[in-house]
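Reader: Hello! I am new to this structure and would love a close look at one part of it. Could you start with a single pair of residues and work outwards from there?

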Amino acid sequence: MANILIVYYSRKGENYWNGSVKSIAKGNTERVAEFIQNAVGGDLFEVDTVRPYSESYMTCIEEAKQELRENARPEIKAFPDSFEDYDTIFVGYPNWWGTMPMCMFTLLEKYDLTGKTIIPFCTNEGSGMGSSERDLKKLCTGANVKAGLSIHGAEAESSESKVAAWAKKSV
C-alpha cells in the first residue's frame, strides 16, 4: 500500500449544523480524517493557524470571507517536514465560501507535489466540494488530483462506513 499522509484543517466549537449553530467538541473534518486513517492507515497532520479564528461561528465565517477576498495566506503553526515519503495525500477541510480555508493554500503551496496522488475530502452543510477540486488541480501542478468526497457535517460522526469504503477505493 502507498505511503499515506492525511492533512486536514478542522473547526471545533461553534459550527453550522442543520440550519443552526451548535458547539461540537471535535471538528467534523477531524472526525473524517480519523475515519480515513482507521480504514487505510497513514499519518495524520492537523493544520492550525497562528492567529486563531473567532470562537463565534458567525464572526469566523466573516473572517474566512475576508481571507478569500484578499487571497490571503494565513500563517500556520507548523508544516510537515516533507511530503517526500508520501505517495498519497488526503487533503481535508470544511467548505468555506465555496473552497478550502485559505490556510490550506498556505500549506500546499510550500511543496512540490509532482507525481503525488491528492485525494480531497470536504465537510459542509450542503455546498459539496464547491470549487475546491478545481482549486487543488491548479495548486498541485503535476499531481494526480482524484475526485473528492463530500460529507454533510452534521452526519460526519456517523459516516465512518461511507468514508472507509471511499478511502479504500481511492488508494
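Are Phe90 and Trp166 buried or exposed?

Author: Happy to help! Both Phe90 and Trp166 are buried. (Buried means under 20% relative accessible area, exposed over 50%, and partly exposed in between, with a 1.4 Å probe and protein chains only.) Before going on, please note that this is a predicted model, in which local features need pLDDT of at least 70 and side-chain atom pairs count only at pLDDT 80 or more, while totals for chains, interfaces and linings use all residues. Residues are numbered from 1 along each chain as its sequence is written, and side-chain values use heavy atoms, leaving out hydrogens and water.

Now for the aromatic rings. There are six aromatic pairs (ring centres of Phe, Tyr or Trp, with its six-membered ring, within 6.5 Å; planes under 30 degrees apart are stacked, over 60 edge-to-face, the rest tilted). One of them joins Tyr53 and Trp96, which meet edge-to-face with 5.1 Å from centre to centre and 90° between the planes. Tyr53 belongs to the loop between β4 (43-46) and α2 (57-69), and Trp96 to the loop between β5 (88-94) and α3 (102-108), so this contact ties together parts that are 43 residues apart in sequence. (Helices are DSSP runs of H or I with at least four residues, strands runs of E with at least two, numbered from the N terminus.) Tyr53 and Trp96 are both buried, and together with Tyr9 they form one aromatic cluster.

Your pair is another of these contacts. Phe90 and Trp166 are edge-to-face too, with 5.6 Å between centres and 70° between planes. Phe90 sits in strand β5 and Trp166 in helix α5 (residues 160-170), so here the parts tied together are 76 residues apart in sequence.

Let us stay with β5 for a moment. Gly92 has its place in that strand, and with a relative accessible area of 0% it is buried. From Gly92 to Leu68 there are 24 residues in sequence and 18 Å in space, C-alpha to C-alpha.

The loop between β5 and α3, where you met Trp96, also holds Trp97. Trp97 is partly exposed, at 41% relative accessible area. Its phi is near 55°, a positive value in a residue other than glycine. Asn18 also has a positive phi, about 50°, without being a glycine. You will find Asn18 in the loop between β2 and β3 (20-24), and it counts as exposed, at 53% relative accessibility. Strand β2 (residues 13-17) contains Tyr16, a partly exposed residue with a relative accessible area of 33%.

A ring can also have a charge above it. The charged end of Lys110 sits over the ring of Phe79, 4.9 Å from its centre (NZ of Lys or CZ of Arg must be within 6 Å of the ring centre and within 35 degrees of the ring normal).

Finally, the cysteines. A search of the whole structure finds zero disulfides (pairs of cysteine sulfur atoms within 2.5 Å). For Cys60, the closest cysteine sulfur is that of Cys103, and the 9.9 Å between them is too far for a bond. Looking from Cys103, the closest cysteine sulfur is in turn that of Cys60. Cys60 is buried at 0% relative accessible area, and Cys103 is buried with a value of 0% as well.
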